[in-house]
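Let's take a friendly walk through a few local features. Have a look at the sequence and the structure first, then read on.

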Amino acid sequence: MEKRRVGSLRVSVAGLGCNNFGRRLDAYQSAAVVHAALDAGVTFFDTADIYGTVDGERRGEEFLGRALGSHRKDVVLATKFGMAAGGGPGSAHPDYVRRSAEESLRRLGTDRIDLYQLHIPVPDVPIADTLGALDELVWEGKVREIGCSNFSAAQLREAEGAVRDGGARFVSVQNEYSLLHRDPESGVLEESIKAGLAFLPYFPLASGLLTGKYRRGQPAPAGSRLAGEKGSGSFTHENVTIVERLIGFAAEQDHTLLELALSWLRQRPQVASVIAGATTPEQIRANVAATTSWQLSEAELARVDELTSPPG
């Protein structure tokens with residue numbers, strides 16, 4: 001599989017987002033997905049300290065580390081810190097950064113984190129203080145590279161300006177980006193290009209809406225993520241209209257919506273790895289195949305832009 005750069009790291013262009021581990025998937029199911037990903041050539045696994053938190057127990061990292069086992073040496077392992085279990089800002093104070101890193105290392109069963117990411121901006125802690133703590137972890141060999149997530153262009157510039165001479169700096173930014181959520185095109189992608197940051201899109205399938213299984217006038221499939229959520233979140237009238245357009249366009253090119261959604265992201269500026277989640281081995285295999293299946297022409301990319309503009 002094609003590899004791309006995230007700082008000094010080389011990651012597979014199709015990655016695996018592990019937010020389902022410990023939440024929708026138990027340890028056995030998580031391991032099945034990880035092993036299928038490894039077999040498909042995936043070398044980039046992205047998790048976070050809060051993933052799979054149930055009754056205060058953080059299981060996502062533990063399930064991933066256990067599933068990787070002896071394959072740990074063959075992969076790039078990314079995790080995050082700094083978000084509270086409820087989804088808002090947690091802490092990024094230097095003492096917390098070190099404590100969080102040590103706990104993640106223990107849960108993952110490893111001696112190093114390849115990419116350690118600040119999950120969300122934490123306004124009440126100066127970014128220079130957080131970067132200083134991360135730099136110490138890099139110098140100690142516990143972290144190889146550092147990144148951020150959910151940062152605006154202005155926050156990326158602030159972080160770059162706060163780096164001490166010779167200190168560790170962010171090498172990546174992980175924000176939501178998909179055919180239905182193109183906010184990064186309003187500044188963050190441009191800033192990441194200027195700063196040489198790898199871009200890691202999360203929710204590349206818009207919580208499943210870009211898989212093609214949600215259609216206008218049809219109920220969401222039983223057991224699916226959006227079942228019972230129609231009219232909220234990604235499942236809006238406008239998005240369903242765009243999805244119908246995209247399904248028709250992909251079919252005209254003998255492709256599926258899944259192939260369009262993931263291949264389109266693979267071709268975006270600065271995207272290093274498309275980290276779609278998966279709940280079954282079949283799903284991760286389909287995601288990997290879809291990510292590398294279609295090289296869209298300039299004309300096709302322009303047509304996609306037309307189809308994803310708000311309905312008139």
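Along strand β1, which side chains point to one face and are buried, and which point to the other?

## A strand with two faces

Keep in mind that this is a predicted model. In β1, which covers residues 3-6, Arg 4 and Val 6 share a face and are buried. Lys 3 and Arg 5 point to the other face, and those two are not buried. That fits a general pattern: in a regular strand, side chains alternate between the two faces of the sheet.

## The hairpin

β1 doesn't sit alone: it runs antiparallel to strand β2 (residues 9-12), and 4 bridges join the pair. One of the partnerships to look for is Arg 5 with Arg 10 of β2. Together the two strands make a hairpin with 2 residues between them, and Gly 7 in the turn has a positive phi of about 60°.

## A buried loop residue

Now hop to Thr 43, in the loop between α1 (27-39) and β4 (44-46). Is Thr 43 buried or exposed? Its relative accessible area is 14%, so Thr 43 counts as buried, the cut-off being under 20%. Beyond its neighbours within four places in sequence, Thr 43 is in contact with several residues, including Lys 3, Arg 10, Val 11 and Asp 74.

## One face of helix α10

Helix α10 spans residues 298-307, and its buried residues are Glu 300, Leu 301, Val 304 and Leu 307. Looking down the axis of α10, these fall within an arc of 120°, so they line one face of the helix. Glu 298 and Ala 299, on the other side, are exposed. What covers the buried residues of α10 includes α7 (237-252) and α8 (257-266).

How values were computed. Residues are numbered from 1 along each chain as its sequence is written. This is a predicted model: local features need pLDDT of at least 70, side-chain atom pairs count only at pLDDT 80 or more; totals for chains, interfaces and linings use all residues. Side-chain values use heavy atoms; hydrogens and water are left out. Buried means under 20% relative accessible area, exposed over 50%, partly exposed in between (1.4 Å probe, protein chains only). The arc is that of the directions from the helix axis to the C-beta atoms. Contact means heavy atoms within 4.5 Å. Two strands pair if DSSP finds at least two bridges between them.
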